[in-house]
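Trainee: I have a structure open in front of me and would like to learn how to read it, feature by feature. Could we go through it together?

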Amino acid sequence: MRSILAGAAVLAGGALLIAGCSSGASSSSSSAASSASSPASSAASSGSASAAAASAPVTVRLGYLANITHAPALIAVKNGYFAKELGSAGSVKTTVFTSGTQETTAILSGQLDAAFVGPNPAINAWSKSGGQAIKIVSGVATGGASVVVKPTVTSAAQLKGQSLASPSLGNTQDVAVRYWLKQQGLATSATGGGDVAIKPTAPNSAAVLEFKSGQIAGASEPSPYDVEMVQEGGKVLLSEPGVTTLLVVTQSFLAAHPDVVADLLKANLDALGYIKSDPSGAEQTANAELAAYTGKPLKAKVLDPAFKEITFTADPDAASLTQDAQQATAVGLLKAVNLSGIFDLGPLNSILTATEQPTVSAG
């Protein structure tokens, strides 16, 4: 099953069902019955209940964004990679969010088990939970985000007194543009004040429309929205390097279902492999799935450059994650945080080793 989260509304979509899901009530009943039995039969029943719970199909609540930087998620859904890899182990219930900030909220409130998410939202989830909420288990994409401005703007100084859009307060592109402006001597604030007003704007397409109509001087956006702004006459003032998308899972889900997490990792690797082996086919597949959420596919003149500005990789680029945290702290959106332990790349590296692919590092 998939749904689309836009603001506070969730719209039901199609279904991605791999297997049924047993209810927790059944397990509780089994436990209650066994408690009335003899010690030996109680132990046997308890063991059977534990085995049944371990083998029961699991519904994975998975989040991602309707962006090309999340193309592996789009492709894994469209091509059935999640279904293939999970098999009888469970099902994937997907929700499409408009920003990584929303995903963080969903993770912390117990609404998601796993998510394709930007580095700053992942850092925020780690920080707000005291290092208890999530683990980064794989990289997904690097690059593919830019600050695009009016063609008359040639330097940061010309942005003083003007407005720029970002996807949401504290997300990866929001932090990137605030930090870059700070480096240029221009102040911003979380409430839209300072030398340059940063306006969190959702969905991303709304920022493109505001730029086109002249309401804003530019925006810090992920692919494909930065490409759309360029094709509306904008120019790239800053290409944002580093990791753009990561795959995270909640620590509770990882502990309870390590095999299912391994299946999610395999599906992500399937999508990454498809992008590498058939770039054109991957573009069309991601675009078809994207259209299911946005209502229309991207034009060819947007789709191709949108893919080309991104490097899709399982490497989480740990060094850039540290920089993201430092930048968020520098602009006042994050308290200093220790990221030690945020990565758990063991399951991924086991799969990579078994398939004779290079392993990745947590730095």
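Mentor: Let us begin with a pocket: the second largest pocket is lined by 14 residues, and those that lie nearest its centre are L272, K276, F312, A314 and Q357. Please keep in mind throughout that this is a predicted model.

Trainee: What volume does the second largest pocket have, and which helix gives the most to its lining?

Mentor: The volume of the second largest pocket is about 370 Å³, and helix α11, which covers residues 258-277, gives the most to the lining, with 5 residues. Sorted by class, the lining of this pocket consists of 8 nonpolar, 4 polar and 2 charged residues.

Trainee: How many cavities of 30 Å³ or more does the structure hold?

Mentor: A cavity is a space where a 1.4 Å probe fits but cannot get out, whereas a pocket is open. The structure holds 1 cavity of 30 Å³ or more, and about 120 Å³ of space lies in the largest cavity. The lining of the largest cavity is made up of 18 residues, of which L65, N67, H70, N171 and Q173 are the closest to its centre. Both α7 (172-183) and β12 (243-250) supply at least two residues each to this lining, and by class the lining has 5 nonpolar, 13 polar and no charged residues.

Trainee: Before we look at single elements, how many helices and strands are there in the chain, and what share of its residues count as buried?

Mentor: The chain has 15 helices and 13 strands, and 51% of its 363 residues count as buried. It also helps to ask how far apart in sequence the contacting residues are: among contacts with a separation of 6 or more, 77% are between residues 24 or more positions apart.

Trainee: Why can strand β7 be called largely enclosed by the rest of the structure?

Mentor: One counts the buried residues, meaning those under 20% relative accessible area. In strand β7 (residues 145-149), 5 of the 5 residues are buried, so the strand is largely enclosed by the rest of the structure. Looking at the two faces separately, one finds A145, V147 and V149 buried on one side, and S146 and V148 buried on the other.

Trainee: Which strands are joined to β7 by bridges?

Mentor: Strand β10 (residues 218-222) runs antiparallel to β7 and is joined to it by 5 bridges, while strand β11 (residues 235-239), also antiparallel to β7, is joined to it by 4 bridges. V148 is a useful residue to follow in the display, as its bridge partner in β10 is A219, and in β11 it stands opposite V236.

Trainee: How should I read a helix in the same way, and what is covered in α3?

Mentor: An α-helix has 3.6 residues a turn, so residues three or four places apart point the same way. Helix α3 (residues 71-78) is mostly covered, with 7 of its 8 residues buried, namely A71, P72, A73, L74, I75, A76 and V77. Just after α3 comes G80, which takes a positive phi of about 75°.

Trainee: Is W126 buried or exposed, and which residues is it in contact with?

Mentor: W126, which is found in helix α6 (residues 119-128), has a relative accessible area of 6% and is therefore buried. Leaving aside neighbours within four places in sequence, its contacts are G131, I134, Q251, V337, N338, L339, S340, G341 and I342. The pair W126 and V337 shows how distance in sequence and distance in space can be read side by side, since these two are 211 residues apart in sequence and 8.7 Å apart in space, C-alpha to C-alpha.

Trainee: Where are the cis peptide bonds, and which residues other than glycine have a positive phi?

Mentor: Most residues other than glycine have a negative phi, and most peptide bonds are trans. A cis bond leads from A202 to P203, with omega near -5°, and P203 lies in the loop between β9 (197-200) and α8 (204-213). Another cis bond joins S223 and P224, with omega about 15°, and P224 is in the loop between β10 and α9 (225-231). As for phi, D317 has a positive value near 50° and is partly exposed, at a relative accessible area of 27%, whereas E356, with a positive phi of about 60°, is exposed at 76%.

Conventions
Residues numbered from 1 in each chain as written. Predicted model: local features only at pLDDT ≥ 70, side-chain atom pairs only at ≥ 80, totals over all residues. Heavy atoms only, no water. Buried < 20%, exposed > 50% of the residue type's maximum accessible area, 1.4 Å probe, protein only. Pairing = 2+ DSSP bridges. 1 Å grid on protein atoms, 1.4 Å probe; cavity = no way out; pocket = protein on both sides within 12 Å on 5 of 7 lines; lining within 4 Å. Points joined across faces, edges and corners; volume = space filled by probe spheres on them. Nonpolar A, V, L, I, M, F, W, Y, C, P; charged D, E, K, R; others polar. Contact = heavy atoms within 4.5 Å.
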